[in-house]
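Biologist: Please take a close look at one single part of this model and explain, step by step, how that part fits together with its neighbours.

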Amino acid sequence: MFDLLLRQCRLLQSDRTIAEVDIAIKNQVIAEIAPTINANTRLELDMQGHLISPPFVESHIHLDSALTAGQHRWNQSGTLFEGIEIWRERKQNLSLEDVKRRAIATLKQQAIQGVLFVRSHADVSEASLTALQALLEVREQVKDWMTLQVVAFPQDGLYGSPQNEALMEKALEMGADCIGGIPHYELTREDGVKSVHRIFELAQKYDRLIDIHCDEIDDDQSRFLEVVAACALRTGMGARVAASHTTAFGSYNNAYATKLLGFLRRTELNFIANPLINITLQGRTDTYPKRRGVTRVKELWQQGMNVSFGHDCVQDPWYSLGTGNMLDVAFMGLHVCQMTGTAEIDACYDMVTWNGAKTLQVEDQYGIEIGKPANLIALNAQDRYDALRCRATVHYVISQGKLLARTEAPRTTWHCDRE
Ligand code: FE2
């Protein structure tokens, strides 16, 4: 007796093939995948040939600042730095309830659109560590339907204020999953380099993952990615490290970028690009031509490196237009990075699914395979290309073997008789 049987699935597989199968779930685990399954089940759902995919993975978001756009003022310049100033004002009156309410509302918004794995940064520059405490409580509260990782993120720099380094260590003791950083926003180049070294030391001491906001600036002299790469090579930690944003990589001269790519290939580093926000934040000091402000996604992918896409912001001082829809993120990435070949389009889909799972190091729980936790989504699409082109509706979200959300596609009726 199965708990849930999904009929008529078009199962999307990581090798780019699609299989027409039934999928049976028992005890929250995928129990059987076969062309036809004949067995008793408590609940049967007809997927009607919809595309069945592993859930979307949000590899980079800031839930602590989500849903605050316009509080207390709008980011009129649209720059990263005005965003940081507004957040500095807003975070003076954070409370646990305030952060938890907005974080859970955002996670629900994401989950109904098929996101079941999220990595969120939590600002740990405030002495109270309210944002971190709130997100750690949320991590526990949502664990039955969402896997949430929390990064201790020193928004104002690890050395921006005398107490920040100790706050970071306290955040790790409280249970943050990952240690973050922002070397390009430290007071000096030397502080930036020192911060990266300290982050690796702390990650080893506390056995945590690393996710650094790295070179999120148009300055072609912002070169902390090479420091991260060197630390990854020397510690052997590369697969447990993510370099987020790395937008300056898009501005480096090609001679330096080519040398750097050679180093990066040896590291197993993960890269997270956030095309929605960086296409709007970056290039603000340019006249024309304006830079795209996105890292070299296509080149990193071509070199076989793991790249994922993140939303970064959902209605906050940096980006007011986020929706939580990962297909929007991949759609923008596909355009900005000019990844319009068929394999490239497929790769952009992978950047919000399988690649994100690799970045989060949750591959043992991820994927539609017998014996794995039953997390999957049903999209109104034929394949990856169709899903991206149409930003397909996610009809069903199955989380840990249970139906979590169901959404109907919009229906239009044509009322004009004329052809
Ligand atoms: Fe970020």
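Modeller: Strands β1 and β2 form a hairpin, with five residues lying between them, and in that turn Arg-16 has a positive phi of about 80 degrees. This is a predicted model, in which local features need pLDDT of at least 70 and side-chain atom pairs count only at pLDDT 80 or more, while totals for chains, interfaces and linings use all residues. Residues are numbered from 1 along each chain as its sequence is written, and side-chain values use heavy atoms, with hydrogens and water left out.

A strand here is a DSSP run of E with at least two residues, numbered from the N terminus, and β1 covers residues 2–12. Two strands are said to pair if DSSP finds at least two bridges between them. Within the hairpin, β1 and β2 (residues 18–26) run antiparallel and are joined by seven bridges, and Leu-11 has Ala-19 in β2 as its bridge partner.

β1 also pairs in the parallel sense with β4 (residues 41–46), over five bridges, and here the bridge partner of Leu-5 is Glu-44. With β5 (residues 51–53), β1 again pairs in the parallel sense, this time over two bridges, and Arg-10 stands opposite Leu-51.

Is β1 enclosed or open, then, and why? Nine of its eleven residues are buried, so β1 is largely enclosed by the rest of the structure; buried means under 20% relative accessible area, taken with a 1.4 Å probe and protein chains only.

Terms used: Buried means under 20% relative accessible area, exposed over 50%, partly exposed in between (1.4 Å probe, protein chains only). Helices (H or I, at least four residues) and strands (E, at least two) are DSSP runs, numbered from the N terminus.
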